[in-house]
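The following exercises concern a sheet and two pockets in a protein model. Please work through each task before reading its solution.

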Amino acid sequence: MNQLKTVIAGVSGRMGRALLEAVDQDAGCMLHGALDRSGHASVSQDASLFGGTRGVVISDNLDVALLGADVLVDFTRPEATLLYLDACRKAKVNLIIGTTGFDANGKAAIEHAAREIGIVFAPNFSVGVNLLMKLAETASRVLNEGYDIEIIEAHHRHKVDAPSGTALGIGQTVARTLGRELKNCAVYGREGVTGERKPDTIGFATVRGGDIVGDHTLLFAGIGERVELTHKASSRATFAHGALRAAKWLQCKGPGLYDMRDVLGLK
Ligand code: NAD
């Protein structure tokens, strides 16, 4: 079996470490390269210090790391991802993007690069969360009138963006299914005298604390009943294994922009 030559970015990070471990456990993948930010203490160290395969040295040299690689798996920061995107396009290396928090220009750059290489870009690589998205579509079709829709998410204290990319993804799925534009109906947090809840809005609430890996609840509150769809991630391994599943799936595809629902056949 040909193993997928995998480069992991941001290896000193929480997701980077989970990815190094996942590659090590996955017979279909081999660690081809390990990257981190220039000037970071991890650069020039052995990847095994962070849970990766012994003998792979962590580098800040993107072009060298991509030589001969099949795929780069990136869970870092938008500014880093955009540099990686350009390098992958030039080197014709597929890209898995787990980083969240892109602005419209960043998303446009990803779409543009996907004309030349295969990219799986997903706010959440967990198989369970992507099933939740599918269930959200079904629930929105049935509970389409008379139900107030709220999305509640909780993450660890170090998370820097809010609401989470996954919460926004759930909101987009619900809004699209109901024929609404999320930007016109989203309400992000409430404070003071807010007035009564407006029908047809989708509310978001954010909790940050401790080491919560990632909880998401989609709530439909009607008169006399509530329906709650909840997913709780207990370890980052779920995102890492999902990302590698996407990387292996992408190997047989041409250029294009895909998400986890494509990977899982949920579309
Ligand atoms: P982290 O802060 O623990 O790690 C970030 C890593 O990126 C570090 O190794 C850091 O050195 C590196 N980095 C930061 N800036 C860089 C730069 N300019 N150039 C190169 N490398 C740089 O963060 P984390 O918790 O591992 O999360 C990383 C990203 O992944 C976040 O955007 C987070 O929201 C996202 N995430 C996505 C999913 C998903 O399933 N899509 C799951 C978990 C986390």
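A helix is here a DSSP run of H or I over at least four residues, and helices are numbered from the N terminus. A residue counts as lining a pocket if it has an atom within 4 Å of a point of that pocket. The model is predicted.

**Exercise 1.** Determine which element gives the most to the lining of the second largest pocket, and describe that lining.

Solution.
- Step 1. Begin with the space itself: the second largest pocket holds about 880 Å³.
- Step 2. Its lining numbers 33 residues, and those nearest the centre are Lys 107, Phe 121, Pro 123, Gly 169 and Gln 172.
- Step 3. Two or more lining residues come from each of helix 4 (104-113), helix 5 (127-142), helix 6, helix 7 (182-185), strand 12 (256-258) and helix 9 (260-263).
- Step 4. Helix 6 gives the most, with six residues.
- Step 5. By class, the lining contains 14 nonpolar, 10 polar and nine charged residues.
- Step 6. Domain 1 (4-125 + 236-264) and domain 2 (127-233) each provide at least three of the lining residues.

**Exercise 2.** Establish where helix 6 packs and which strands it touches.

Solution.
- Step 1. Identify the sheet: five strands, in the order 8-9-7-10-11, make up an open sheet with mixed pairing.
- Step 2. Its edges are strand 8 (186-188) and strand 11 (226-233), each of which pairs on one side only.
- Step 3. On average, neighbouring strands are turned by 15 degrees against each other, direction ignored.
- Step 4. Helix 6 (residues 165-177) packs on this sheet and touches strand 7 (148-155), strand 8, strand 9 and strand 10 (214-221). The direction of helix 6 makes about 165 degrees with that of strand 9.
- Step 5. Strand 9 (residues 202-208) pairs with strand 8 in the parallel sense, over three bridges. In one of the pairs across these strands, Ala 186 has Ile 202 of strand 9 as its bridge partner.

**Exercise 3.** Describe the lining of the largest pocket and name the element with the largest share.

Solution.
- Step 1. The largest pocket comprises about 1100 Å³ of space.
- Step 2. It is lined by 44 residues, with Met 15, Phe 75, Thr 76, Arg 77 and Thr 99 closest to its centre.
- Step 3. Helix 1 (14-25), helix 3 (78-91), helix 6 and strand 10 each supply at least two lining residues.
- Step 4. The largest share belongs to helix 3, with five residues.
- Step 5. The lining divides into 14 nonpolar, 21 polar and nine charged residues.
- Step 6. At least three lining residues come from each of domain 1 and domain 2.

Note on methods. Residues are numbered from 1 along each chain as its sequence is written. This is a predicted model: local features need pLDDT of at least 70, side-chain atom pairs count only at pLDDT 80 or more; totals for chains, interfaces and linings use all residues. Side-chain values use heavy atoms; hydrogens and water are left out. Two strands pair if DSSP finds at least two bridges between them. Axes are lines fitted to C-alpha atoms, for helices over the stretch in contact, and angles run from 0 to 180 degrees between N-to-C directions. Contact means heavy atoms within 4.5 Å. On a 1 Å grid over the protein atoms alone, a cavity is a set of points where a 1.4 Å probe fits but cannot get out, and a pocket is an open set with protein on both sides within 12 Å along at least five of seven lines; lining residues have an atom within 4 Å of a point. Grid points are joined across faces, edges and corners, and a volume is the space filled by probe spheres set on the points. Ala, Val, Leu, Ile, Met, Phe, Trp, Tyr, Cys and Pro count as nonpolar, Asp, Glu, Lys and Arg as charged, and the others, Gly among them, as polar. Domain bounds come from an automatic or database domain assignment.
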